[in-house]
Amino acid sequence: MSQSSSLEPRQSGKMNSLVQLTLDAHGGIDRWRQFTSVSAHLRNGGVLWPLKHQQGVLDDVNVRVALRTEWASHSPFGEPHLRTSFEPHRVAIETTEGRVVDERLQPRDSFKGHGVDTPWDQLQLAYFAGYAMWTYLTTPFLFAMEGVDTEEIQPWQEDGETWRRLKVTFPRSIATHSSVQTFYFDTHGLLRRHDYDTEVLGGSPAAHYVHEYEEFSGILVPTRRRVLGRGPDGTFIPDPEIVTIDLSEVEFT
């Protein structure tokens, strides 16, 4: 694992009240600091992968992400002996012994001019999957990282409930869907929805819902994720499901 810039969390005194509420609801920043990585088994689906000519590659995989630096790896990747290595400035496909098969520096640049149906190569798939799963598995604790700005905005009514919303602005050093994203929380502080405009898909607007929380080593993790389209008024578009992710065997170390 590369030793890129540290993403240690800030002290709690510098956080706004909604950030503090959601960190506590998901297990607390003190417990989070006890771990350096998290791994999980994934079953992925949805219409995105065939659109990108990458169907089947991520259907049934394992992922591991670092919690102190932005790094992720999926395995197996296409072949049983291959895995990925993702960082914001570099993505690679390598053997399980660590021999590099293919790599790309500054991988974000390769998506310029892309739309939703622009085909991907496998390095682009590895980059997207890497930053996406790093973002998901470190949420909400990434809100406390240096350089990440948060602001509570007006609440949202959905499904007969009122959800508090957090506008999050990420620094350029963090690879993620878009520089500005919106996270929705229920009255207990648990994440319910996550909105972003997917830059590598030409800015395609998404409404990402999370379900079925389970506790692993004292951290609450949603084990069912469904990414839908988002209309101009902010409401979700129920069909088709763009990406589906079901997690199991989550382990913090």
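**The second largest pocket**

Begin the tour at the second largest pocket, which holds about 320 Å³ of space. The model on display is predicted. To find the centre of this pocket, select Leu-48, Phe-128, Val-227, Ile-242 and Val-243, the residues of its lining that lie nearest that point. The complete lining comprises 29 residues.

Next, colour the secondary-structure elements around this pocket. Strand 1 (37–45), helix 3, helix 4, strand 10 (191–198), strand 11 (204–216), strand 12 and strand 14 each contribute at least two residues to the lining. Which element gives the most to it? Helix 4 does, with 5 residues. A colouring by residue class divides the lining into 22 nonpolar, 6 polar and 1 charged residues.

**The largest pocket**

Move now to the largest pocket, whose volume is about 450 Å³. Select Arg-108, Tyr-127, Arg-172, Ile-174 and Glu-199, which lie nearest the centre of this pocket among its 19 lining residues. By class, the lining of the largest pocket consists of 9 nonpolar, 5 polar and 5 charged residues.

**The cavity**

How many cavities of 30 Å³ or more does a search of the whole structure find? The search finds 1. The largest cavity contains about 80 Å³ of space. Select Tyr-136, Leu-137, Thr-139, Val-221 and Pro-222 to reach its centre; these lie nearest to it among the 14 residues of the lining.

Keep helix 4 (122–138), strand 12 (219–230) and strand 14 (243–252) visible, since each of them supplies at least two residues of the cavity lining. Strand 12 gives the most, with 5 residues. Helix 4, strand 12 and strand 14 also each supply at least two residues to the lining of the second largest pocket. In the cavity, the lining residues fall into 11 nonpolar, 2 polar and 1 charged.

**A nonpolar patch on the surface**

Switch to a surface representation and select Val-47, Leu-51 and Val-116. These residues form a nonpolar patch, and their accessible area together is about 190 Å². Leu-51 belongs to helix 3 (residues 48–51). Is Leu-51 buried or partly exposed? Leu-51 counts as partly exposed because its relative accessibility is 33%. Helix 3 also leads back to the start of the tour, as it supplies at least two residues of the lining of the second largest pocket.

**Salt bridges**

Return to a stick representation for the charged side chains. The structure holds 14 salt bridges, and the following stops visit some of them.

Select Arg-192 and Glu-161 first. Their side chains meet in a salt bridge, with an N to O distance of 2.8 Å. This pair links distant parts of the chain, with Arg-192 in strand 10 and Glu-161 in strand 8 (residues 161–169), 31 residues apart. Arg-192 counts as partly exposed because its relative accessibility is 21%, just as Glu-161 counts as partly exposed at 30%.

Then select Arg-193 and Asp-195. These residues form a salt bridge in which the closest N and O atoms are 2.8 Å apart. Are the two residues buried or exposed? Both Arg-193 and Asp-195 are buried. Add Glu-158 to the selection to display a network of salt bridges that links Glu-158, Arg-193 and Asp-195.

The next pair is Asp-246 and Arg-226, a salt bridge with its closest N and O atoms 3.3 Å apart. Here too distant parts of the chain are linked: Asp-246 lies in strand 14 and Arg-226 in strand 12, 20 residues apart. What are the accessibilities of the two partners? Asp-246 is partly exposed, with a relative accessible area of 30%, whereas Arg-226 counts as buried at 13%. Strands 12 and 14 were met earlier, as each supplies at least two residues of the lining of the largest cavity.

**Final stop: Pro-119**

Finish by selecting Pro-119, which is found in the loop between strand 6 (100–105) and helix 4. Pro-119 is partly exposed, with a relative accessible area of 42%. Add Gln-157 and draw a distance between the two C-alpha atoms. Pro-119 and Gln-157 are 38 residues apart along the chain, and their C-alpha atoms are separated by 36 Å.

Conventions:
Residues are numbered from 1 along each chain as its sequence is written. This is a predicted model: local features need pLDDT of at least 70, side-chain atom pairs count only at pLDDT 80 or more; totals for chains, interfaces and linings use all residues. Side-chain values use heavy atoms; hydrogens and water are left out. On a 1 Å grid over the protein atoms alone, a cavity is a set of points where a 1.4 Å probe fits but cannot get out, and a pocket is an open set with protein on both sides within 12 Å along at least five of seven lines; lining residues have an atom within 4 Å of a point. Grid points are joined across faces, edges and corners, and a volume is the space filled by probe spheres set on the points. Helices (H or I, at least four residues) and strands (E, at least two) are DSSP runs, numbered from the N terminus. Ala, Val, Leu, Ile, Met, Phe, Trp, Tyr, Cys and Pro count as nonpolar, Asp, Glu, Lys and Arg as charged, and the others, Gly among them, as polar. Patches are made of residues with over 30% relative accessible area and no salt bridge: like charges are joined within 9 Å, nonpolar side chains (Val, Leu, Ile, Met, Phe, Trp, Tyr) within 5 Å. Accessible areas come from the Shrake-Rupley method with a 1.4 Å probe; for residues, only the protein chains shown count as cover. A salt bridge is a side-chain nitrogen of Lys or Arg within 4 Å of a carboxyl oxygen of Asp or Glu. Buried means under 20% relative accessible area, exposed over 50%, partly exposed in between (1.4 Å probe, protein chains only).
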